[in-house]
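Please look over the structure below with its sequence to hand. The report that follows takes up local backbone features, helices, domains and the ligand surroundings in turn.

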Amino acid sequence: MPSILAYDLGASSGRALLGRLNHGKIEVEEIHRFNNDPVGIGDRLQWDILRLFHEIKQGLLKAKHAGETPASLAIDSWAVDFGLIGRSGELLGNPYHYRDHHTDGVMERTMERLTAGKIFGRTGIQFLPFNTIYQLAALKESDSPFLQGAEHLLMIPDLLRYFLTGEMHNEFTNATTTQLYNPLEGRWDTELLAAIGISPSLFGEVVQPGTRVGSLRSVLREELGISSVPVLATAEHDTGAAVAAVPALERDFAYLSCGTWSLMGTEVDRPVINELAQELNFTNEGGVYGTYRLLKNIMGLWILQECRRYWELAGQSYSFPELVSMAEKAEAFKSFIDPDDSMFIHPGDMPSRVRQFCAASEQPVPESPGEIVRCILESLALKYRYVFELTERLSGKSFSGLHMVGGGIQNVLLCQWSANAIGKPVWAGPVEGSALGNLVVQWIAQGELADIWEARQVIRDSFPVTVYDPQDQSQWEEAYGKFRGLAGLA
Ligand code: LFR
């Protein structure tokens, strides 16, 4: 059986995997891994999109050298960011990084003008300052020449797919993250676009995951010396792909996609757009096969990654396992942060910000890396419990445990503490959530798998799931009370 190729691009690294279905089991081989280093120029933080396209080509070359001609390929990546295409068909400027400061204050101003009720009511999407709608409003406010010259807007995977095929399509799961797509009407929301002064002509036809959207351009085939490969739209939002790969066998399940971000929620059949969802700032991102992800963003391992980067700059290099083992030795439940405080969104001196949060909330200030990492990981686990309970309240469901997928589950301590905090088992696996979701959508499109439920069964049969049972319940219960108080969580 021929292999297929999945590219999964995260905010700090990307990978290309060849996948094969063999007697009801999935086999994957990572053929290429690369860094995704955002580049700061002056005040701006941008993605090195041409470098990413170069790495996509490297993946194709490595597949060729492995003697493979993939039956199809697809790309997933983080959401909300985009490229603008001008009259000549060329990319105008580098896409901004969603952690760039150009959107500072824009969400607040837009919400004031349009009202939160209108924006949420028409999109069902949570308010995050970097949503595409606020990035576009920022470009409009600054009279960006790129925006003036733009004829098309393509989200990151749409853009890379365009570079590969020469064809432009907007894929559904990513389209919903813009906060400009109306899921109730099944189209781009022209009223919101008009309100921020953006032409609807920038937005194209929205295609569902699994749609064939072209094949490799002949010029690229010649450059690489390869034959044609069909290009599919998969669940191109990495979180959409990760949730497609949750090995749940029951319809109602809670998940946590754990990486740079922690995305926690449940899958629903239709968007939950009501006052409570708006008040709790939950989102309804488009998923596969008519589903939606009722979830909430939690800042995730970003804070830890950024601490590590900062320490490295200061000449102290630690691996993640080293940091986790230092955290394990530090004193328990000494101080907590609210990981979702806006002070943690942008890159910078994260250790100082953690200390600052603790000092301002009159807690002992963590000093050593071990103390800081312990504070971050305990706070994340406690925030998971909070959002787990909100998910149950909002969805009216009760969950017997939590599925965790993604690279973050390699952090065994975090998995165990998550189980302790929520007081229910955590089922951790698979690690390659997004890439697997990307692959199974391609196989469903090719008729190799019947539907998402067969796909989830096959994933369960192919990859280990580690069970973490809750421990130390009374201490975590007490910690949760303290955490809620200081993070001001009702
Ligand atoms: C996770 C993710 C989240 C999105 C954030 C920014 O990788 O895609 O779902 O909110 O990145 O795009």
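Glycine 423, which follows helix α16, has a positive phi, near 70°. In this predicted model, eight of the 11 residues of α16 (residues 412–422) are buried, so the helix is largely enclosed by the rest of the structure. The buried residues of α16 are Leu414, Cys415, Trp417, Ser418, Ala419, Asn420, Ala421 and Ile422. Further along the chain, the peptide bond that joins glycine 429 to proline 430 is cis, with omega near 0°, and proline 430 itself is found in the loop between β20 (426–428) and α17 (433–445).

As for confidence, the pLDDT averages 97 over the chain, and 100% of the residues score at least 70. For the complex, the predictor gives an ipTM of 0.99 and a pTM of 0.97.

A glycine with positive phi also comes just after helix α12, where glycine 315 has a phi of about 90°. Helix α12 covers residues 302–313, and its 12 residues should span 16 Å at 1.5 Å a residue, which agrees with the 16 Å between its end C-alpha atoms. Trp302, Ile303, Leu304, Glu306, Cys307 and Arg308 are buried in α12, and the buried residues of this helix pack against α13 (320–329), α14 (350–360) and α15 (369–395).

Positive phi values also occur in residues other than glycine, including threonine 115 and aspartate 143. The table sets these two residues side by side.

| Residue | Phi | Loop | C-beta atoms within 10 Å | Exposure |
|---|---|---|---|---|
| Threonine 115 | about 75° | between α2 (106–114) and α3 | 11 | exposed |
| Aspartate 143 | near 55° | between α4 (132–141) and α5 (145–149) | 8 | exposed |

Why does threonine 115 count as exposed? A residue is taken as exposed if 12 or fewer other C-beta atoms lie within 10 Å of its own, and threonine 115 has 11 such atoms around it. Aspartate 143, with 8 C-beta neighbours inside 10 Å, counts as exposed on the basis of that cut-off.

Aspartate 143 comes just after α4, a helix that is mostly covered, with eight of its 10 residues buried. These buried residues are Thr132, Ile133, Tyr134, Gln135, Leu136, Ala137, Ala138 and Leu139. They pack against β7 (82–86), α2, α5 and α8 (190–195).

Arginine 460, placed in helix α18 (residues 452–462), is partly exposed, with 17 other C-beta atoms within 10 Å. If its neighbours within four places in sequence are left aside, arginine 460 is in contact with Pro247, Leu249 and Val465. Arginine 460 and methionine 168 are 292 residues apart in sequence, and their C-alpha atoms are 35 Å apart in space.

On the scale of the whole chain, the division is into domain 1 (4–236) and domain 2 (237–429 + 465–489), whose centres, taken over C-alpha atoms, are separated by 26 Å. Where the domains meet, 30 residues of domain 1 are in contact with 24 residues of domain 2. On the side of domain 1 that touches domain 2, β6 (73–77), α3 (116–123) and α7 (172–176) each supply at least two residues, and α7 gives the most, with five residues. By residue class, that side of domain 1 divides into 13 nonpolar, 13 polar and four charged residues.

Which residues surround the ligand? They are Trp78, Ala79, Val80, Tyr98, His237, Asp238, Thr239, Thr260, Trp261, Leu263 and Asn297. This shell divides into six nonpolar residues, four polar ones and one charged one. Because domain 1 and domain 2 both give residues to the shell, the ligand lies between them.

Conventions
Residues are numbered from 1 along each chain as its sequence is written. This is a predicted model: local features need pLDDT of at least 70, side-chain atom pairs count only at pLDDT 80 or more; totals for chains, interfaces and linings use all residues. A residue is near a molecule or strand if its C-beta atom, placed from the backbone, lies within 6 Å of it. Ala, Val, Leu, Ile, Met, Phe, Trp, Tyr, Cys and Pro count as nonpolar, Asp, Glu, Lys and Arg as charged, and the others, Gly among them, as polar. Domain bounds come from an automatic or database domain assignment. pLDDT is the predictor's confidence in each residue, from 0 to 100. Helices (H or I, at least four residues) and strands (E, at least two) are DSSP runs, numbered from the N terminus. The expected span of a helix is 1.5 Å times one less than its number of residues. A residue is buried if 20 or more other C-beta atoms lie within 10 Å of its own, exposed if 12 or fewer, and partly exposed in between; C-beta atoms are placed from the backbone. Two residues are in contact if their C-beta atoms, placed from the backbone, lie within 7 Å.
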